[in-house]
Amino acid sequence: MTAPYTEAPAACMGNPIPPLPSAFEVPMTTLTSLDSEALNRLHDTVRAEYEAFKARGLKLDMTRGKPSPEQLDLSNPMLTLPGNGDFFAEGNVDARNYGGLQGLPETRALFSQMVQAPADQIVVGDNSSLALMHGTIAAALLKGVPGSKAPWSDGAPTFLCPVPGYDRHFAICEEFGIRMIPVPMTGQGPDMDAVERLVADPAVKGIWCVPKYSNPSGETYSEETSRRLAAMETAAPDFRIMWDNAYSVHHLTQDHHTVPDILALCAEAGNPDRAFIFASTSKVTLAGAGLAFFASSPENVRWYLERASFRTIGPDKLNQLRHVRFLKDDAGLERHMAAQAAIIAPKFEALLETLEAKLGGTGAAEWLRPAGGYFVTVDTVEGTAKRIVTLAKEAGIALTPAGATSPYGRDPHDRTLRLAPTFPSLSDVRAASEGIALCILLAAIEKQTGDAPGLSA
C-alpha cells in the first residue's frame, strides 16, 4: 500500500489536543517480518483478545456520519424561532406565504461566505442538498443544462467519481443509469492527469467533488487541482463539476482549511457555467430541518429556478428566517461550529489514538488524520476489508459495508474502510475503536497465514 495523505492535528477549538505521531513516522516492524512461529503465536493472542471483546456483547454503530444528540441540542433554541408573531422578513415579506422561490435575501446573504458564492447567485432549498443534487441530475437528463445540444439522456452519460468517495453520489448515478468511472484521490484532490485524459470523451458529463474535508478521506482540494478542474478542455460543452461543499465550516482543528472560489476560477478560465455548488446546514443546525443551497453562474441559476418553478411555489421561508434569527451573522455561525467541534473532535482523537496504539508499526493498516469533516478513512491489507466488516459485525460493531467508497459498491482492492465516529458517545467510540483495531489486526494475520474463511495468503 502507498502512504496516504496524512496531517498532524492542531489543537481543537475549545479542547486542545496534543498531536500524535503518525503511523508512518515511527519505526515499523511489520507482520510480514515475523516467522511462521511468531505469527502463529500472535494470531492466538489477537484471536483471544477478539473473542474476549466479542463476549462483552456490545452493540455499537459506526456506519453513518450523523450528528450526535449533543450536537443537535446546540440548535434546540431554534425550535422556538422565529417566534409567534415574528414572521416578517426583510422588505416586509410575510414568510408564512407563497413565493420567494430563490430564498430570502437575508438567508442568502448569511450563508454566502459558507457557500462561497454571491448572495444573488444562491438558491435556498429545503433540508436536503442530496435532494437538490438528485433533482439537478434529473433535470439535466430530461432537459439538458445551459450549453447542452440535447438532454443528457439522449446519449450515454458518464460521470467521473473520485475514490474513495461518497456512496450517495454513486447511488444517484446508479439510480439513473449513469456510467461511473473511478478516479483515484491523491491527497490534493482527484488525480488530474487521469481526469484530463477522461474528459476528452464527450460522453463524460460531470465529476463529483467534495472539495473540503472530502467524504471520506478528509483531504482538501489544492489550488492547482481546483484551477485545473475549472480550466481543463472538455469534449462535452455542457460538462459540470458537482461541487458538493458539504463540510465547508466543519473544522476539527484551529487550522481552518480553505478551498478556492470555484465559480470565480471557472469564470476566469472562460467556463462560467461549469460548476454547480451544493451545500447545506444538515450538520450545522438540525439534520432533519436544515437548509440546502444551490449556487452557480447567473445563467445556471436562471435555468435552475425555471426547473424548480414547476415543482414548487416557494420554499419554507419560516425555516430560513429562524436560521437567520438563530445564527445572526458569520461570527455567530463560527461560534456555533466551534461548539460542534468541541463535541466531536475528542471522538476523532479517541479513534486515532486507539488505531495508533493497536496498529501503529504493524503494517496492518494506514489511516488518514482529518482536519475536518465527519469521517476517518482506513486502508487495510488488500483483500481484507470485507472480512473486517464481518468480524466487526460478529463482535457487535456495525460498520459501513466494504466497497461503499467506490462506484457500484465494488472496491477492487477490498481494503478501504470508512469510520464514522460522530454519532456514538465518546465511551462508545473508544470501545468500538478497540474492537475495530482488533478486527483489522486479526484479518491481516489471517490473510498472511491463509486462515480466514475465503482468504488465501
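User: How many residue pairs are in polar contact between domain 1 and domain 2?
Analyst: The count is 11 residue pairs, both partners at pLDDT 80 or more. Keep in mind that this is a predicted model.

User: Which elements on the domain 1 side touch domain 2?
Analyst: Three elements give two or more residues each: α12 (330-359), β12 (376-380) and β14 (416-419). Helix α12 has the largest share, with eight residues.

User: What is the split of nonpolar, polar and charged on that side of domain 1?
Analyst: There are 15 nonpolar residues, nine polar and three charged.

User: Back up a bit. Where are the domain bounds?
Analyst: Domain 1 comes in two pieces, 31-71 and 334-449. Domain 2 runs from 90 to 328. The contact takes 27 residues from domain 1 and 33 from domain 2.

User: What separates the centres of domain 1 and domain 2?
Analyst: The distance is 31 Å, taken over C-alpha atoms.

User: And how much area do domain 1 and domain 2 bury between them?
Analyst: About 2400 Å². Carbon and sulfur atoms carry 62% of it.

User: How many salt bridges cross the interface of domain 1 and domain 2?
Analyst: Two, by the rule used here.

User: OK, and which side chain does Asp167 meet in a salt bridge?
Analyst: Asp167 pairs with Arg64, at 3.0 Å from N to O.

User: Salt bridges overall, then. What does the count come to?
Analyst: The count comes to 22.

User: Which residues does Arg47 pair with?
Analyst: Arg47 meets Glu51 at 2.7 Å, N to O. Arg47 also forms a salt bridge with Glu446, where the closest N and O atoms are 3.6 Å apart. That second pair links distant parts of the chain, 399 residues apart: Arg47 sits in helix α1 and Glu446 in helix α14 (residues 426-449).

User: How far apart are Arg47 and Glu51 along helix α1?
Analyst: They are four residues apart in α1 (residues 36-54), so about one helical turn separates them.

User: Is Glu446 buried or exposed?
Analyst: Buried, with a relative accessible area of 2%. Arg47 is partly exposed at 24%. Glu51 is partly exposed too, at 31%.

User: Any other helix-to-helix pair worth a look? Which residue does Glu196 bridge to?
Analyst: Glu196 bridges to Arg228, with the closest N and O atoms 2.7 Å apart. Glu196 is in helix α7 (residues 192-198) and Arg228 in helix α8, 32 residues apart. Glu196 is partly exposed at 29%. Arg228 is partly exposed at 24%.

User: And which residues join Arg47 in one network?
Analyst: Salt bridges with shared partners join Arg47 to Glu51, Lys54, Arg387 and Glu446.

User: New topic: backbone. What kind of peptide bond links Val163 to Pro164?
Analyst: A cis bond, with omega near 5°. Pro164 is in the loop between β5 (158-163) and α6 (167-176). Another cis bond joins Asn215 and Pro216, with omega about 5°. Pro216 lies in the loop between β7 (204-209) and α8 (223-231).

User: Ser217 is in that loop between β7 and α8 as well. What does Ser217 contact, sequence neighbours within four places aside?
Analyst: Ser217 is in contact with Pro164, Met185, Leu368 and Thr377. Ser217 counts as buried because its relative accessibility is 4%, under the 20% cut-off.

User: How about Asn245, buried or exposed?
Analyst: Asn245 counts as buried, at 2% relative accessibility. Its place is the loop between β8 (240-244) and α9 (262-268). Setting aside neighbours within four places in sequence, Asn245 is in contact with Met114, Gln116, Pro211, Lys212, Val259, Phe278 and Ala279.

User: Last one, positive phi. What is the phi of Lys328?
Analyst: About 75°, although Lys328 is not a glycine. Lys328 lies in the loop between α11 (317-327) and α12. Lys328 is exposed, at 60% relative accessible area.

User: And Tyr408, where is that?
Analyst: Tyr408 lies in the loop between β13 (397-399) and β14. Its phi is positive too, about 65°, and Tyr408 is not a glycine. Tyr408 is partly exposed, with a relative accessible area of 31%.

Definitions and conventions:
Residues are numbered from 1 along each chain as its sequence is written. This is a predicted model: local features need pLDDT of at least 70, side-chain atom pairs count only at pLDDT 80 or more; totals for chains, interfaces and linings use all residues. Side-chain values use heavy atoms; hydrogens and water are left out. Domain bounds come from an automatic or database domain assignment. Contact means heavy atoms within 4.5 Å. Buried area is the accessible area (1.4 Å probe) that two parts lose on being put together, summed over both. A salt bridge is a side-chain nitrogen of Lys or Arg within 4 Å of a carboxyl oxygen of Asp or Glu. A polar contact is a pair of N or O atoms within 3.5 Å; within protein, one must be able to donate a hydrogen and the other to accept it, and residues adjacent in sequence count only if both atoms are side-chain atoms. Ala, Val, Leu, Ile, Met, Phe, Trp, Tyr, Cys and Pro count as nonpolar, Asp, Glu, Lys and Arg as charged, and the others, Gly among them, as polar. Buried means under 20% relative accessible area, exposed over 50%, partly exposed in between (1.4 Å probe, protein chains only).
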